[in-house]
Each structure stands twice: as structure tokens, then as C-alpha cells.
Amino acid sequence: MPTFNEQVYEILEHIPEGRVVSYGDIAKWLLNPRGARVVGWAMARCPEGLPWHRVVRSNGDIVCEGITELRRERLIAEAVPFLPDGRVDIAQCRWVAPPGIDKRF
DNA sequence: GGACTGACCAACC
DNA sequence: AGGTTGGCCAGTC
């Protein structure tokens, strides 16, 4: 039985290019709406080769200072639209998970 | 082995 | 309308 963050990494691998998801979304698919913190914890130790830059906050903002610029550059490189205030246009590129994604693991 | 912590979110005052 | 609080998992002290 894989641990929770293993499943988080699994989902991250499934995020298509040019799309983003919020921490809370992943949490909702995997356990419950309040598990977003765990997702953030999993991201904090981002294993290499993981597209962690496609995970943003629910309002599209990017929190962590220091990696914000890196994220922005990576997302722009993947044709992810940005809002004038520096946030990801999550309203347009929010990735909708296929139904039953939580049962796939 | 218990307590605190963390790249969060939403429900409640 | 804005600050506070509770809740989840795993890792560290």
C-alpha cells in the first residue's frame, strides 16, 4: 500500500503539460479537502523529476519565496497563462482530474 | 514514542 | 470582510 505522498507524486506525473492544479485539489482527490497540507508537505521534499511547479495555491498564487521565480519561468516555458498580478491563471489551466482518479491507486 | 512542524484550505467566528 | 482554528500525513527532534 503506497503512502499518501507516493500517490501525490503519482498524480503529479499525470498532470499534462500546460496545466496546473492546486494543493487542495489533489487532497480532495486523494483523501479529503483538508489534506492539502500533506500535499504541501510532500511538495516540500519534491523528489527529482517531479513537476512540482504545476502545483499552485487554490487562488492561483505561488507562495514560497525563493522558488517562485523558478516556477514562473518553468510555467511560462510550458505555455501556462499568467495573470497581470503574477499569479497563475488557474481559472483557465486548472487541470480537471478524470473521474475515479482516487480509485486508480 | 509523544510532540512539533510543514510549499495549504475552508469553515467559523 | 478579515483573522483564527482545525484537520490531514510523514518526517524530525
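Let's start with helix α3. In α3, the residues V39, A42 and M43 are buried. Look down the axis of this helix. The buried residues of α3 fall within an arc of 100 degrees, so they line one face of the helix. Now turn to the other side of α3. There, R37 and A44 are exposed. One word of caution before I go on: this is a predicted model.

What do the buried residues of α3 pack against? Three elements: α1, α2 and β2, where β2 covers residues 55–56. Keep α3 in mind, with its span of 36–44. We will come back to this helix when we reach the DNA.

Next, helix α2. This helix runs over residues 23–30. Seven of the eight residues of α2 are buried, so the helix is largely enclosed by the rest of the structure. Which residues are the buried ones? They are Y23, G24, D25, I26, A27, W29 and L30. They pack against several elements. The list is α1, β1 at 21–22, α3, β2, and α4 at 68–77.

Stay with W29 for a moment. The structure holds one aromatic pair. The partners are W29 and W95, and their arrangement is edge-to-face. How do we describe such a pair? A pair of aromatic rings is described by the distance of the centres and the angle of the planes. Here the centres are 5.7 Å apart, with 90 degrees between the planes. An angle over 60 degrees counts as edge-to-face, so 90 degrees falls in that class.

Where do the two partners sit in the chain? W29 is in α2, and W95 is in the segment after α5, which spans 90–93. They are 66 residues apart, so the pair links distant parts of the chain. Are these tryptophans buried or exposed? The limit for buried is under 20% relative accessible area. W29 has 17% relative accessibility, so W29 counts as buried. W95 has 11%, so W95 counts as buried too.

Now the DNA. I'll take strand B first. How many residues surround DNA strand B? The number is 17, and the closest are R37, W41, M43, A44 and S58. By class, this surface has ten nonpolar, three polar and four charged residues. On the DNA side, look at the atoms of strand B within 4 Å of the protein. Sugar or phosphate accounts for 45% of them, and the rest belong to bases.

Here are some individual contacts. A polar side-chain atom of Y23 lies 3.2 Å from a base nitrogen of DNA strand B. An N or O atom in the side chain of R37 is 2.5 Å from a base nitrogen of this strand. S58 uses its backbone: an N or O atom there lies 2.5 Å from a phosphate oxygen of DNA strand B. The elements giving two or more residues to this surface are α2 and α3. The largest share, six residues, comes from α3.

On to strand C. Which residues surround DNA strand C? They are T3, F4, N5, L31, N32, R34, G35, R37, V38 and W41. Of the atoms of strand C within 4 Å of the protein, 58% are sugar and phosphate. Sorted by class, the residues are four nonpolar, four polar and two charged.

Again, some contacts. A polar backbone atom of F4 is 3.4 Å from a phosphate oxygen of DNA strand C. A polar backbone atom of R34 is 2.6 Å from a base nitrogen of DNA strand C. R37 comes up again here. One of its polar side-chain atoms lies 2.9 Å from a base oxygen of DNA strand C. Both α1 and α3 supply at least two residues of this surface. The most comes from α3, with three residues.

Last stop: N5, one of the residues around DNA strand C. Where is N5? In helix α1, which covers residues 4–14. N5 is buried, with a relative accessible area of 14%. The side chains of N5 and T3 are joined by a polar contact of 2.7 Å. Leaving aside neighbours within four places in sequence, N5 is in contact with W41 and A42. That takes us back to α3, where A42 is one of the buried residues.

Terms used:
Residues are numbered from 1 along each chain as its sequence is written. Chains are lettered from A and ligands numbered from 1 in the order in which they are written. This is a predicted model: local features need pLDDT of at least 70, side-chain atom pairs count only at pLDDT 80 or more; totals for chains, interfaces and linings use all residues. Side-chain values use heavy atoms; hydrogens and water are left out. Helices (H or I, at least four residues) and strands (E, at least two) are DSSP runs, numbered from the N terminus. Buried means under 20% relative accessible area, exposed over 50%, partly exposed in between (1.4 Å probe, protein chains only). A polar contact is a pair of N or O atoms within 3.5 Å; within protein, one must be able to donate a hydrogen and the other to accept it, and residues adjacent in sequence count only if both atoms are side-chain atoms. Contact means heavy atoms within 4.5 Å. Rings of Phe, Tyr and Trp (its six-membered ring) pair if their centres lie within 6.5 Å; planes under 30 degrees apart count as stacked, over 60 as edge-to-face and the rest as tilted. A residue is near a molecule or strand if one of its heavy atoms lies within 4 Å of it. Ala, Val, Leu, Ile, Met, Phe, Trp, Tyr, Cys and Pro count as nonpolar, Asp, Glu, Lys and Arg as charged, and the others, Gly among them, as polar. The arc is that of the directions from the helix axis to the C-beta atoms.
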